[in-house]
Amino acid sequence: MKKYSRVKKILAELQDFYLLCINSILKLFKRPLYFDDIIEHMEYAGSASVFIVSLVCLFVGMALSLQLSAELSRLGLKMYTGKIVGIAVIREIGPLVTALVFIGRVGAGQTAEIGSMILGHQIDTLRVYGIDPVKKVVIPRVIASVVMLPCLTIIGDLVCLIGGYYIAVFVSNQSGSFYWSSIIRELNFQNVFSGSVKPFIFGYLISCISCFYGLTTRGGAKGLRTSTTKAVVTSIVVVIATDFILTRILLYALGFTV
């Protein structure tokens with residue numbers, strides 16, 4: 001009986017989450033639009049996250065280039081470091097690492113903020129005044145995440161490549177011009193499209209998951225802690241699983257052989 005109740009609860013939560021995702025799309029262009037809230041959340045999700053994204057991506061790029069240089073040197077293929085770093089960062093590592101940092105900074109913040117509004121009965125106050133919480137609270141955060149995560153991904157990719165350049169040139173003594181020319185040759189439609197589609201989907205999923213757990217917060221400070229933890233863990237799992245699925249679909253759609 002307990003297992004049945006648990007399954008029923010999980011199915012109910014999934015239903016509520018899907019309804020929230022659908023409503024965030026259906027009500028996207030309905031008035032009022034709350035432009036001030038959108039700009040405020042874009043600033044929080046975007047410009048305030050540039051430093052931490054850049055710092056993480058810098059060390060990821062350096063570590064990737066260091067590992068590749070060490071392994072390729074044994075095979076006499078060290079000149080391919082730039083090519084491999086460029087493909088890995090643009091297609092996979094840049095979008096995924098940026099999304100994970102985004103979850104820790106922005107996703108957790110969205111859950112905690114909305115959860116505090118629930119516990120402080122501010123969401124109930126919005127309903128009393130006839131304001132739709134999805135329009136006022138959820139949609140501005142979804143728009144901000146969908147717009148700013150791709151921008152952060154571009155910055156993260158560039159910083160990651162710069163970190164790889166530093167290791168390749170100043171540690172492995174490779175040619176800097178050849179490193180960048182190898183990367184530029186890989187900036188074709190397939191690679192760029194594969195890496196640019198993912199951040200839009202990641203941003204939407206992260207924001208919807210964070211808002212959902214924020215709106216379902218119950219039980220005071222302990223409940224807020226639980227909701228924030230669930231939001232971060234669920235977002236990480238969903239983003240990594242979605243990344244695998246998207247990679248498989250894009251490889252097939254763009255004509256890559258596996």
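These legends accompany several views of a predicted model.

**View 1. The whole chain is built from helices, with zero strands.** Let's start with the overall fold. Count along the chain and you will find nine helices. Reading from the N terminus, the order of elements is α-α-α-α-α-α-α-α-α. The C-alpha trace spans about 70 × 45 × 35 Å along its principal axes.

**View 2. Burial and contacts across the chain.** The chain has 258 residues, and 44% of them count as buried. Now look at contacts between residues at least 6 apart in sequence: 84% of these join residues at least 24 apart.

**View 3. The exposed surface and its charges.** About 14000 Å² of the chain is exposed, with 69% of that area supplied by carbon and sulfur atoms. Looking for charges, you can find 24 positive and 14 negative side chains. The centres of these two sets lie 8 Å apart.

**View 4. Helix H3 packs against helix H4.** Here we zoom in on one pair of helices. H3 covers residues 50-75 and H4 covers residues 81-119. Their axes are 10 Å apart, and the packing angle is about 145°. The crossing of H3 past H4 is right-handed.

**View 5. Residues where H3 and H4 meet.** Which residues of H3 and H4 make the contact? On the H3 side, they are Ile52, Val53, Val56, Cys57, Val60, Leu64, Ser65, Leu68, Ser69 and Leu72. H4 contributes Thr81, Ile84, Val85, Ala88, Val89, Ile93, Val97, Thr98, Val101 and Arg105.

Terms used:
Residues numbered from 1 in each chain as written. Predicted model: local features only at pLDDT ≥ 70, side-chain atom pairs only at ≥ 80, totals over all residues. Heavy atoms only, no water. Helix = DSSP H or I, 4+ residues; strand = E, 2+ residues; numbered from the N terminus. Buried < 20%, exposed > 50% of the residue type's maximum accessible area, 1.4 Å probe, protein only. Contact = heavy atoms within 4.5 Å. Areas by Shrake-Rupley, 256 points an atom, 1.4 Å probe, with all protein chains shown as cover. Lys, Arg positive; Asp, Glu negative; His and termini not counted. Charge placed at Lys NZ, Arg CZ, Asp CG, Glu CD. Axes fitted to C-alpha atoms, helices over the stretch in contact; angles between N-to-C directions. Left-handed = near helix turned anticlockwise from the far one by under 90°.
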